[in-house]
Amino acid sequence: MKYVRLGKSGLKVSQIILGCMSYGVRRPKDNWTWVLEEEEALKHLKTFDTADTYSQGNSERILGKFLREYNIPRESVVLMTKTFMEWGDAASYGPAGFVNNSRLSRKRIFASVKASLERLGTDYIDVFQCHRFDYDTPASPRPLRRSSDALGVALTPTLQIEETMQALHDIVQAGYARYIGMSSCYAWQFQLMQQYAIQNRLTPFISMQNFHNAMYREEEREMMPMLQHFGVGSIPWSPLGVLCRPADAEITTDRGKAHTPSLSAPTKAIISAIQSIAESRNVSMAQVALAWSLSKPFVSAPIVGTTSLEKLDDLIRGCELELTPEEIGRIEGPYQPVGVMGHQ
């Protein structure tokens, strides 16, 4: 496994990051029947990405147990986790429910990082990430007014992010985290947070975990150039999307049945191109989709998830596959702009 630098930071991560959303506890009522539970998950588990919300904290617990059970030296792995979303049963938090138990207030960030450390069984997290942009913390002390530009387009009011960025800086200063990162949001939101940190000598983000693959490339318009400008590494989630099987293939997995969207004509054409290249190269479609992602200079290390050791080995072999400019052109040719996906 190759290691790559995460942006312009000193941290190096494995060329593909293992996403741990696939490990936890099955919840049939939420259609999470595809999750590998502890006994099987321990067989799978250099760089790991998880979140407090994954399987309601059980993903972090399983990852921590893996590191202890196999006596993995802490400095030989990179642990990333995230916070923001509501999870669990609101009643379990007491009368206030999810109040102060979600989003990115100072109270929430400190409570979340300490709870993640306890579940992971470690004394620090390598990269602590915001799972989404917080529109609510803190509320503006002034009434929010909406104005319009010359074209009549509603302008989003300026949001305050001082509390969040100060709290993230303080958990780094306290030793709970070594670095901080951000996840899917609008480019202007990331720029607002990053610039505030830089101008106020706070800890800046070193990574952006955004949605990007051959069927969704809208991030290349503004987000990716901005990340390169700031020296921030992109660690895209779902780099394979629905690109690992023919467009007309029957969906047999529980996860696929629950989460596969309807496919547009351009997406089907992209899948067809990937299938053709895979057949001519005698490799899997997953390897081709991953190779396309790794061919992009703005991508540091894609985050991949799998419930199969065989497929994980296949993806590791895919790191060695290099596509020709002609093959990349065949994949990219059918792409058509789409609406924003992965965040609101």
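How much area does the chain expose, and what share of it do carbon and sulfur atoms supply? The chain exposes about 16500 Å², and carbon and sulfur atoms supply 49% of it. Accessible areas come from the Shrake-Rupley method with a 1.4 Å probe, and for residues only the protein chains shown count as cover.

This is a predicted model, in which local features need pLDDT of at least 70, side-chain atom pairs count only at pLDDT 80 or more, and totals for chains, interfaces and linings use all residues. Residues are numbered from 1 along each chain as its sequence is written, and side-chain values use heavy atoms, with hydrogens and water left out.

**Stop 1: the whole chain**

Show the cartoon. The chain has eleven helices and ten strands. Helices (H or I, at least four residues) and strands (E, at least two) are DSSP runs, numbered from the N terminus. Buried residues make up 50% of the 344 residues. Buried means under 20% relative accessible area, exposed means over 50%, and partly exposed is in between (1.4 Å probe, protein chains only).

**Stop 2: strand S7 and its neighbours**

Select residues 177-183. This is strand S7, and five of its seven residues are buried. Now add residues 125-130, strand S6. S6 and S7 run parallel, joined by five bridges. Two strands pair if DSSP finds at least two bridges between them. Pick Phe 128 and look across to S7: its bridge partner there is Ile 180.

Next, add residues 205-209, strand S8. Four bridges join S7 to S8, and these two strands also run parallel. Ile 180 has a bridge partner here too, Phe 205. Farther on, Ser 183 stands opposite Gln 209 in S8.

**Stop 3: strand S8 and two crossovers**

Is S8 enclosed or open? Five of the five residues of S8 are buried, so the strand is largely enclosed by the rest of the structure. Add residues 233-234, strand S9. S8 and S9 pair in the parallel sense over two bridges. Ser 207 stands opposite Gly 233 in S9.

Now bring in the helices. S7, helix H5 (residues 187-199) and S8 make a right-handed β-α-β unit. S8, H6 and S9 make a right-handed β-α-β unit as well. To check the hand, view with the strands pointing away from you: a crossover is right-handed if the path from the first strand over the helix to the second runs clockwise.

**Stop 4: aromatic rings**

The structure holds eight aromatic pairs. Rings of Phe, Tyr and Trp (its six-membered ring) pair if their centres lie within 6.5 Å; planes under 30 degrees apart count as stacked, over 60 as edge-to-face and the rest as tilted.

Select Phe 211 and Trp 237. Their ring centres are 4.6 Å apart and their planes are at 20°, so the pair is stacked. Phe 211 lies in the loop between S8 and helix H6 (223-230), and Trp 237 in the loop between S9 and helix H7 (254-259), so the pair ties together parts that are 26 residues apart in sequence. Phe 211 is buried, at 7% relative accessible area. Trp 237 is partly exposed, at 25%.

Then select Phe 48, Phe 66 and Tyr 70. These three form one aromatic cluster.

**Stop 5: salt bridges**

A salt bridge is a side-chain nitrogen of Lys or Arg within 4 Å of a carboxyl oxygen of Asp or Glu. By this rule the count is twelve.

Select Arg 74 and Asp 126. The closest N and O atoms of this salt bridge are 2.9 Å apart. Arg 74 sits in the loop between helix H2 (58-69) and strand S5 (78-83), while Asp 126 is in S6, 52 residues apart. Arg 74 is buried at 18% relative accessible area, and Asp 126 is buried at 6%.

Move to helix H11. Arg 330 and Glu 326 lie four residues apart in H11, about one turn of the helix. Their salt bridge has its closest N and O atoms 3.8 Å apart. Arg 330 is partly exposed at 32%, and Glu 326 is partly exposed at 46%.

Finally, select Arg 217, Glu 220, Lys 296 and Glu 332. A network of salt bridges links these four.

**Stop 6: a surface patch**

Turn on the surface. Which residues make a nonpolar patch of about 370 Å²? Tyr 135, Tyr 186, Trp 188 and Val 340 do. Patches are made of residues with over 30% relative accessible area and no salt bridge: like charges are joined within 9 Å, nonpolar side chains (Val, Leu, Ile, Met, Phe, Trp, Tyr) within 5 Å. Val 340 lies in the segment after helix H11 (325-332). It is partly exposed, at 46% relative accessibility.
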